[in-house]
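Work through the exercises below with the sequence and coordinates open. Try each task before reading its solution.

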Amino acid sequence: MTSRSLAWLPPAGICLLLGLPLLWLVGSALAVHGDILDTLRTLATPAPTAIDRLLLYYAWWPRFVMALLAGAGLAVAGVLMQQVLRNPLASPTTLGVASGANLALMASTLLAPGLLAIGREWIALAGGGAAVGLTFLLSWRRGLAPTVIVLAGLVVNLYLGALSTVLLLFHHESLNRLLIWSAGSLVQNGWDDVAMLWPRLLFAMLTAMALLRPLRLLELDDANMRSLGVPLKYLRLAGLGLAVALTGSIVSVIGVIGFIGLAAPNIIALAGGRTLVQRLFWSPLLGALLLALTDQLLQRVGGDYLATLVPTGAITSLLGAPLLLWLIPRLRMTGNRPRDTTPLAGYRHLDLKATSWLPFLLASIVVVALLLGQGVDGWYWLNPTQWPFIEGRLNRLLAAASSGVMLAVSGTVLQRLSANPMASPEVLGISGGSAIAVILGIYLLPAPSSPMLAGVGTLGACLTLGLLLALTRRRDYAPGQLLLAGVAIGALFNAVSSIILVSGDPRTQQVLAWITGSTYYATPSQALLLSALACLATLLACRFNHWLDILPLGGGIAQAIGIDVKLARLSLLLLVAAMTASATLIVGPLSFIGLLAPHLARMLGFTRALHHLLGAALLGALLMIVADWLGRQLLFPNEIPAGTAASLIGGAYFMLRLRRL
Amino acid sequence: MTIRPAVSQRLLIHLLAGLLLMTMVMIAPPPARASQAHPIVALDQAIAETLLELGIAPVMISQRDYFDFWTDDAYDASQLIEVGQPLPNIELLRQVSPRQILLAPWQAAVASQLDAVAPIEIVDDYPYSSEGDIWIHLLAFTRQLGQQVGRPQAAAHLIQQTETHLDALRNKAMDEDMPLLIVQLMDQRHVRVFGGHSLPQGVLQRLGLHNAWHGATNQWGYALVGIDSLFDIEARLVVIRDPFPIGIEQSLAQNGLWRHLPSVKRGDVITLTHAFWFAGGLPSARRFADALVEALDDD
């Protein structure tokens, strides 16, 4: 690794550093129950009678052992994935295992509760396996290339997350119990789960040892390996399969524990554990210590004061995301980046006549969305004189369309600026950062009004963007690093929202309705303001269009032509932050529109910056209007919020595209 | 290149023709639903079930299936209209033109969107937004609702009826002197336990029974805890009826900690056979009292 920031501290030192406070915490926790030797002896007494001993035997010890086992298992899975994908930022949660397991459990709770009696473990494993299968399928054409897999995993995660959200919106009360599990609670009440997990962990370790030699070869590059006759696909499949099975069984027992699988191997690597053997030996140890320490601290701090349970998994994500952000500039990204898709997709030159149908399509969809709807007696067309109905729909339409425009323009600017076809406000986590700020605003401000929240959201977006730039500056804003910073911020957002959701408070449904991005609350003045902002921001972006034509060619060329590159980048990025924040307030953090619209526009032949911006803006508006309208009609009188509907539509399309990437 | 404009023109013509066709097929007279009685909208379950007991129908609620479960199917389908989740469908409301919309304080955020549809009132005496004796709050809540819908007498009657009913139950439950621990099983490892400012707490008080949970609780009067937190409490377990998760009893039966809970060891766990909404009004309180006393009587 390029940075030696931890090289003064060998892996053993780090483990000792974490182990000592853990020992102290464990010792003092046990001391409450009496003599330490005596409490250790309870482990050997299978049927204790005193209540104190019972608690130790059935709750405290299994929880402690489970934390150690799960931490170790996740770290092993992390080492395997990082080795196989040659990507230091691959981890058990990135491939979609957890979100697949989550969705499968939710669906079976609602549709076939009988299945749950057979075994949650199997449902979770099947769901996680299917999700990973999907991730593999999407990246199969590229020979399971590392970055493509991570990207596919990210999209699968977002997509399955959106589906789970739809279920959660309509069945919050009955799915609440699943949220406790999925947020990663380590509470135990017996040795069953430990008994189930340790043989699997042992098996995984042994298999990893057996695969050591071929796995080490994976450090070579693809061409070299092929010439050595290594069956790349199958080796990757075996390594990943092992990691996924291990993750699956851990997730099915204790839910999603974020970041241990990512952090442990990377810390070991930074501390000088460079060979695979070293990492395979030290990482599980460190993972076990990390999780057990977090859990012990949480029990010590949270136990007595909170009426609700704070799941350890959510806390590890909360602590892990900053760690990941810190790691990003220190890591070396190998493996191929997603190719710029320009030649592949066969983009054609713009023929303005050929795209003249776009405004017409937009206009007719606006008419349909304003006039067609469902009511008590089913479908009907509104009479244009029924103003209150039309006014309501117009507000929502304007809000949706302007958010679509702003996301699309932001996405276009980001994609051109970073010369990275995968950049978008959602993927880079700018929306997530803005959403975290707004959630905090809702909970911490005494009387949050919309303008206040808009301000807080913009601040959040600016801070996130600043953070992203600061972190990736040293790598010249390399696409891979930017993407992964986005993953970290996304995980932070998930942790914040899952801690809020776990409480099961009936009010959380309203927070959910907001997070998922509904145009419900759009008022006439808000709709007008947003439209004005969208127009203004698009015009501004268009003013900068010649920068956007030249900047993708690289900073050097731009400088040579006489552009103040720093100024250009900074002003464009500020514009992006403001637009993303305003749009996020309406459609929530996950909509895919900022990714999708610029892509579609390029496919239709809008290649020059000005055309690209305008085409993307039109398409963004169109997609958002369609998503908003469909979301209100599909489950009438229930409503799928526009942001979620958009991510379902956009995500499906994006997965299709990714397959051809 | 020469073909493309033709294609797009054709596309456009098809689109327009399709639109026209759709218009012709689907055109229907604008909605008019003046014939039916104008309902009252109640998005909160405590408000909705109390309204129904005050003799108001139809009531518009957000979700039928959960309402039916938590009210133990006490109300007729004709008394209820669904208005949509997660937020009430405004167009549907406009068509039905309700005469009044009642909101709990925690739902006040939707008020700005709904006030164009019908007059909105927020029930400030909401039992789960204030500290203090829950039973007194439940009564105040019922009275205020009665005022707000113009049926103060029906409210007084409901209060009197419920209190007499609970007094009668109190005599039946007198010989139970063991404190009770009211729990809702969330999964094999976690329960919600009701205490402090919860509806079960209020009912236990009225019945002269003791609640064993004295730990911290949230605004709705429950705490989400691991099963291990119930251990050092000497009490009899009361398990609330719940639609999910099926199969939890079996897995609990094999489960070390659960089997060793004092109440489970003694074999005196009570499982309620009727449902009630934990954040409900007097009707839920009554159903909980009935279910509890019935179960206590059975042993």
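**Exercise 1. Classify Leu9(A) by its surroundings: buried, exposed or partly exposed?**

Solution.
- Count the neighbours. Leu9(A) has 15 other C-beta atoms within 10 Å.
- Apply the cut-offs. A residue is buried with 20 or more such atoms and exposed with 12 or fewer.
- Conclude. Leu9(A) is therefore partly exposed.
- Place the residue. Leu9(A) sits in the segment before α1 (11-31) of chain A.
- List its partners. Neighbours within four places in sequence aside, Leu9(A) is in contact with Ile14(A) and Ala271(A).
- Check one long separation. Leu9(A) and Leu539(A) are 530 residues apart along the chain, and their C-alpha atoms are separated by 54 Å.

Keep in mind that this is a predicted model.

**Exercise 2. Decide how far the model can be read, starting from its scores.**

Solution.
- Take the global scores. The model has ipTM 0.77 and pTM 0.81.
- Go to chain B. Its average pLDDT is 83, and 86% of the residues score at least 70.
- Find the extremes. In chain B, helix α1 (residues 3-26) has the lowest confidence, at a mean of 53. Helix α6 (residues 134-148) of chain B has the highest, at 95.
- Mark the weak stretches. Residues 1-7 of chain B have pLDDT below 50, with five contacts in the model beyond near neighbours in sequence. Residues 27-35 of chain B are also below 50, and this stretch has 15 such contacts.
- Draw the consequence. Where pLDDT is low, predicted coordinates should not be read in detail.

**Exercise 3. Test the lengths of helices α4 (residues 97-111) and α17 (residues 387-417) of chain A against the expected span.**

Solution.
- Set up the rule. The expected span is 1.5 Å times one less than the number of residues.
- Apply the rule to α4(A). Its 15 residues should span 21 Å. The end C-alpha atoms are 21 Å apart, which agrees.
- Apply the rule to α17(A). Its 31 residues should span 45 Å. The end C-alpha atoms are 44 Å apart, which agrees.
- Add burial for α4(A). Twelve of its 15 residues are buried, so by the definition each has 20 or more other C-beta atoms within 10 Å. Among them are Val97(A), Asn102(A), Leu105(A) and Thr109(A).
- Add burial for α17(A). This helix is mostly covered too, with 24 of its 31 residues buried.
- Look past the end. Ala419(A) follows α17(A) and has a positive phi, near 50°.

**Exercise 4. Describe how the domains of chain A meet, and which helix supplies the largest share of the domain 1 side.**

Solution.
- Define the parts. Domain 1 of chain A covers 11-330, and domain 2 covers 362-426 + 517-660.
- Get the spacing. Their C-alpha centres lie 37 Å apart.
- Count the contact residues. Eleven residues of domain 1 of chain A touch twelve residues of domain 2 of chain A.
- Assign them. Helix α7 (residues 146-170) of chain A gives the largest share of the domain 1 side, nine residues.
- Sort by class. This side has nine nonpolar, one polar and one charged residues.

**Exercise 5. Repeat the analysis for the two domains of chain B.**

Solution.
- Define the parts. Domain 1 of chain B is 31-123, and domain 2 is 165-298.
- Get the spacing. The C-alpha centres are 30 Å apart.
- Count. Eight residues of domain 1 of chain B are in contact with twelve of domain 2 of chain B.
- Assign them. α2 (45-53) and α3 (64-70) of chain B each supply at least two residues of the domain 1 side. The largest share, five residues, comes from α2(B).
- Sort by class. The domain 1 side has three nonpolar, two polar and three charged residues.

**Exercise 6. Find the residues with the most contacts inside the largest nonpolar core.**

Solution.
- Start with chain A overall. It has 28 helices and two strands. Of its 661 residues, 56% count as buried.
- Size the core. The largest nonpolar core has 303 residues.
- Name its hubs. Val409(A), Met624(A), Ala42(B), Leu51(B) and Val193(B) have the most contacts inside this core.
- Find the main contributor. Helix α3 (residues 51-85) of chain A gives the largest share, 23 residues.
- Follow one hub. Beyond four places in sequence, the contacts of Leu51(B) include Ile40(B), Ala42(B), Leu145(B) and Val149(B).

Conventions
Residues are numbered from 1 along each chain as its sequence is written. Chains are lettered from A and ligands numbered from 1 in the order in which they are written. This is a predicted model: local features need pLDDT of at least 70, side-chain atom pairs count only at pLDDT 80 or more; totals for chains, interfaces and linings use all residues. Domain bounds come from an automatic or database domain assignment. Two residues are in contact if their C-beta atoms, placed from the backbone, lie within 7 Å. Helices (H or I, at least four residues) and strands (E, at least two) are DSSP runs, numbered from the N terminus. Ala, Val, Leu, Ile, Met, Phe, Trp, Tyr, Cys and Pro count as nonpolar, Asp, Glu, Lys and Arg as charged, and the others, Gly among them, as polar. A nonpolar core is a set of buried Ala, Val, Leu, Ile, Met, Phe, Trp, Tyr and Cys residues joined through C-beta atoms within 7 Å. pLDDT is the predictor's confidence in each residue, from 0 to 100.
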